[in-house]
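Please open the model in a viewer and keep the sequence panel visible. The stops below are arranged so that each selection leads to the next.

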Amino acid sequence: MRKFKLMVSAVVAFLVMSCGGVSVESNEVFGDVPGIYKAIGDNTKQEIENAKGADNPEDIGKAKEAAEKFEAEMLEKLPAAIAEIGGRDVPFSGESDADFKVESVKVAVPEEGESTLALRIKVSAAREMPVGEYAMDCANGARALRDTRLYFVFLGEGDKFIDLGSINPFSDQASESRFTPKKSAGATFAAGELLTEEGSLVYVRCNQFDFTKFAKIAFVSEADYMNLRRQAYGF
């Protein structure tokens with residue numbers, strides 16, 4: 001019976017918001033996007049508490065239908081919320097690797113109907129930089145096109161930890177995705193030259209972490225990143 005009660009609470013979790021019981025909190029950088037997800041999560045928690053005493057199995061079908069309708073309506077708001085902030089500057093600080101300079105971090109300009117928040121991080125070579133395909137191929141100051149990483153942390157107000165991330169600065173795609181580098185192995189980037197024209201792509205996991213208090217991105221060393229990852233995720 002307890003398991004059934006929790007199922008009921010889960011499927012009716014969105015109903016209060018549809019009646020105006022939950023407001024969407026706006027973030028200075030990411031607008032309403034993280035607030036949409038947080039409102040859903042907060043409402044879910046509240047409805048779980050409110051519905052613990054429910055024991056009428058006939059209510060579950062109606063609640064499930066209403067919850068699915070509400071969720072669809074809320075998700076329909078995301079493309080407009082993302083389009084509104086496309087191109088917005090994202091504050092950043094710190095350094096991940098002295099060979100690279102982060103030139104800008106911006107909210108990616110979405111394609112029409114896009115419902116996932118993403119960033120574009122433009123990075124330049126901090127020195128004249130020959131490149132090889134992989135780290136094992138690199139010598140004499142060359143850097144690897146395929147397995148170089150820069151690390152960062154998403155921070156909220158008061159430098160509160162939110163989430164971690166990394167990019168391959170030579171890729172204009174998301175981490176681990178296939179890409180065609182701007183230059184081939186054996187070529188050289190001039191000091192100050194952008195490694196990609198569009199910037200590396202990063203998806204912001206607002207559906208998994210609370211970004212409503214997001215303040216900035218801080219670039220960190222690999223050692224600091226690994227330490228933070230162990231503390232946050234246990235591996």
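The tour goes from the whole chain to its interior strands, then to a small sheet, some loops and the last helix.

**Before selecting**

This is a predicted model, in which local features need pLDDT of at least 70 and side-chain atom pairs count only at pLDDT 80 or more, while totals for chains, interfaces and linings use all residues. Residues are numbered from 1 along each chain as its sequence is written, and side-chain values use heavy atoms, with hydrogens and water left out.

**The whole chain**

Colour by secondary structure: the protein has six helices and ten strands. Helices (H or I, at least four residues) and strands (E, at least two) are DSSP runs, numbered from the N terminus. Of the 235 residues, 40% count as buried; buried means under 20% relative accessible area, exposed over 50%, and partly exposed in between (1.4 Å probe, protein chains only). Among contacts between residues at least 6 apart in sequence, 69% join residues at least 24 apart, a contact being heavy atoms within 4.5 Å.

**Strand 6 and its partners**

Select strand 6 (150-156). How many of the residues of strand 6 are buried? Seven of the seven are, so strand 6 is largely enclosed by the rest of the structure. In a regular strand the side chains alternate between the two faces of the sheet. Here both faces are covered, with Leu-150, Phe-152, Phe-154 and Gly-156 buried on one side and Tyr-151, Val-153 and Leu-155 buried on the other.

Add strand 7 (161-167), which pairs with strand 6 in the antiparallel sense over six bridges; two strands pair if DSSP finds at least two bridges between them. Phe-152 has Gly-165 in strand 7 as its bridge partner. Four residues lie between the strands of this hairpin, where Gly-158 takes a positive phi near 70°. Next add strand 10 (214-220), which runs antiparallel to strand 6 and is joined to it by six bridges. There, Ala-218 is the bridge partner of Val-153.

**The nonpolar cores**

Show side chains around Phe-154. In the largest nonpolar core, which has 39 residues, Phe-30, Leu-119 and Phe-154 touch the most other members. A nonpolar core is a set of buried Ala, Val, Leu, Ile, Met, Phe, Trp, Tyr and Cys residues joined through side-chain atoms within 4.5 Å. Elements that each supply at least two residues of this core include helix 3 (33-50), helix 5 (78-85) and strand 2 (100-107). A second, separate core of seven residues includes Tyr-151, Val-153, Leu-164 and Tyr-225.

Leaving aside neighbours within four places in sequence, the contacts of Phe-154 include Leu-119, Val-202, Phe-211 and Ile-217. Phe-154 also belongs to a cluster linked by ring pairs, together with Phe-30, Phe-92, Phe-152, Phe-211, Phe-214 and Phe-219. Rings of Phe, Tyr and Trp (its six-membered ring) pair if their centres lie within 6.5 Å; planes under 30 degrees apart count as stacked, over 60 as edge-to-face and the rest as tilted. The whole structure holds 14 aromatic pairs.

**Strand 3**

From Leu-119, extend the selection to strand 3 (118-125). Six of its eight residues are buried. Strand 3 runs antiparallel to strand 2, with seven bridges joining them, and Arg-120 is the bridge partner of Lys-106. Strand 3 also pairs with strand 9 (residues 200-203), again antiparallel, over four bridges; Leu-119 stands opposite Val-202.

**The three-stranded sheet**

Now select strands 5, 4 and 8, which form an open sheet in that order with mixed pairing. The edge strands are strand 5 (143-144) and strand 8 (188-189), each pairing on one side only. Strand 4 (residues 129-132) meets strand 8 in the antiparallel sense over two bridges, and Pro-130 stands opposite Thr-188.

**Loops and the last helix**

In the loop between strand 4 and strand 5, select Asn-140. Asn-140 has a positive phi of about 55° although it is not a glycine, and at 79% relative accessibility it counts as exposed. Then move to Glu-176, in the loop between strand 7 and strand 8: its phi is near 75°, and it is exposed, with a relative accessible area of 67%.

Finish at helix 6 (residues 222-233), whose end C-alpha atoms are 16 Å apart, in agreement with the 16 Å expected for twelve residues at 1.5 Å a residue. The expected span is 1.5 Å times one less than the number of residues. Just after helix 6, Gly-234 takes a positive phi of about 85°.
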